[in-house]
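I sat down with this model today and kept a few notes as I went. Pull up a chair and follow along at the bench.

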2 protein chains.
Amino acid sequence: MTDPHPRESLSDQIRRGALLSTDCPSREVLKRMTSLWGLLVLMILRDGTRRFSDLRRAAAGVSEKMLAQTLQGLEADGLIDRHAFPVIPPHVEYSLTPLGIEAAERVAALADWVEVNLPRVMEARATRLAAE
Amino acid sequence: MTDPHPRESLSDQIRRGALLSTDCPSREVLKRMTSLWGLLVLMILRDGTRRFSDLRRAAAGVSEKMLAQTLQGLEADGLIDRHAFPVIPPHVEYSLTPLGIEAAERVAALADWVEVNLPRVMEARATRLAAE
DNA sequence: CAGTATCCCTTTTGATACTG
DNA sequence: CAGTATCAAAAGGGATACTG
């Protein structure tokens with residue numbers, strides 16, 4: 001079994017097809033982080049610990065199924081912690097791990113860039129539309 | 001028509017549902033940037049101008065349909081430039097716009113983080129698996 | 001070469017109902 | 001409360017054939 005991530009530049013990895021190739025796990029990790037709900041969960045949890053139902057409210061529009069799926073994926077990746085209190089009714093809290101804090105920062109940087117530059121993007125779309 | 005992006009903190013926008021709400025265009029922009037092919041195209045073009053067929057080779061596995069669709073989306077967003085030479089056979093070159101260069105940097109930062117920290121993520125997944 | 005058009009299959013997602 | 005199970009709807013994406 002060869003290491004799919006030798007020490008070479010990122011663009012070299014792209015050329016070699018290692019980065020994000022179908023069989024590279026990084027693709028899945030990136031997907032979970034940049035999916036709409038994954039991204040929202042990471043950003044919401046930057047503000048602190050949240051319960052399942054809090055997250056449902058904060059990530060407006062998410063279904064129970066998708067939220068549960070998203071949380072499980074991020075937890076498996078080690079980006080968030082799940083702490084269940086053994087009480088009835090159930091009480092479960094989610095929070096970012098140190099790894100998740102780092103990840104959330106990058107994701108937030110990207111989302112922030114889009115928010116800040118959205119006017120420029122919208123202008124580009126309008127200009128293009130007007131030209132037709 | 002009210003401005004969906006007033007000057008308030010990002011987390012306030014999330015709470016208000018403005019960021020990435022179904023009817024906010026930022027969601028679509030982010031989606032194009034973080035889609036597998038969108039991300040790859042942005043990163044490949046960081047190395048310089050490429051022709052359509054070059055991109056097909058560089059982004060191994062992409063279909064003509066998806067590449068064309070991706071390029072049109074990124075072009076409409078003002079992230080890449082399309083320059084068609086009026087010759088036969090056709091010759092079309094794609095490159096990053098100044099806006100696209102900024103965007104590509106953020107995307108690359110995220111992808112780099114995932115690549116660098118993949119071992120930590122994989123370890124988290126393995127640990128979790130072993131605990132069952 | 002650089003696409004577009006069409007068909008079809010797979011994956012994703014949402015609604016709803018149910019459980020510990 | 002915090003999920004799981006199930007089914008139907010919708011979107012995503014590939015293979016192929018065709019065009020300027």
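What follows are my entries on the two DNA strands, one helix crossing and two residues.

**Entry 1: ground rules.** I am working with a predicted model, where local features need pLDDT of at least 70, side-chain atom pairs count only at pLDDT 80 or more, and totals for chains, interfaces and linings use all residues. Residues are numbered from 1 along each chain as its sequence is written, chains are lettered from A and ligands numbered from 1 in the order in which they are written, and side-chain values use heavy atoms, with hydrogens and water left out.

**Entry 2: DNA strand C.** I looked up the residues near this strand, where near means that a heavy atom of the residue lies within 4 Å of it. There are 19 around DNA strand C, and Lys65(A), Pro90(A), Arg51(B), Arg82(B) and Tyr94(B) come nearest. Sugar and phosphate make up 56% of the strand C atoms that come within 4 Å of the protein.

Next I checked polar contacts (N or O atoms paired within 3.5 Å; within protein, one must be able to donate a hydrogen and the other to accept it, and residues adjacent in sequence count only if both atoms are side-chain atoms). The side chain of Ser53(B) has an N or O atom 2.8 Å from a phosphate oxygen of DNA strand C. For Lys31(A), a polar side-chain atom is 3.3 Å from a phosphate oxygen of that strand. Pro90(B) uses a backbone N or O atom, 3.2 Å from a sugar or linking oxygen of DNA strand C.

I then asked which elements give two or more residues to this surface. They are helix H5 (64–76) of chain A, plus helix H4 (52–58), helix H5 (64–76) and strand S3 (91–96) of chain B. Helices (H or I, at least four residues) and strands (E, at least two) are DSSP runs, numbered from the N terminus. H5(B) gives the largest share, four residues.

**Entry 3: DNA strand D.** I found 20 residues around DNA strand D, the closest being Ser53(A), Arg82(A), Tyr94(A), Lys65(B) and Pro90(B). Of the strand D atoms within 4 Å of the protein, 55% are sugar or phosphate and the rest belong to bases. Tyr94(A) places a polar side-chain atom 2.4 Å from a phosphate oxygen of DNA strand D. Lys65(B) has a polar side-chain atom 2.2 Å from a base oxygen of DNA strand D. Here the largest share of the surface, four residues, comes from H5(A).

**Entry 4: a helix crossing.** How do the axes of H5(A) and H6(B) cross? I noted that they come within 8 Å and cross at roughly 105°; axes are lines fitted to C-alpha atoms, for helices over the stretch in contact, with angles from 0 to 180 degrees between N-to-C directions. The two helices are therefore roughly perpendicular, a label for 65 to 115 degrees. Gly73(A), Glu75(A) and Ala76(A) meet Val121(B), Ala124(B), Arg125(B) and Arg128(B) in this contact, which means heavy atoms within 4.5 Å.

**Entry 5: two residues.** Is Glu115(B), in helix H6 of chain B, buried or exposed? Its relative accessibility is 9%, so Glu115(B) is buried, meaning under 20% relative accessible area (1.4 Å probe, protein chains only; exposed is over 50%, partly exposed in between). Its side chain makes a 3.1 Å polar contact with that of Ser26(A).

Leu110(A), from helix H6 of chain A, is also buried, at 2%. Leaving out residues up to four places away in sequence, Leu110(A) touches Leu30(B), Met33(B), Thr34(B), Arg106(B), Val107(B) and Leu110(B).

Note on methods
Parallel < 35°, antiparallel > 145°, perpendicular 65-115°, else oblique.
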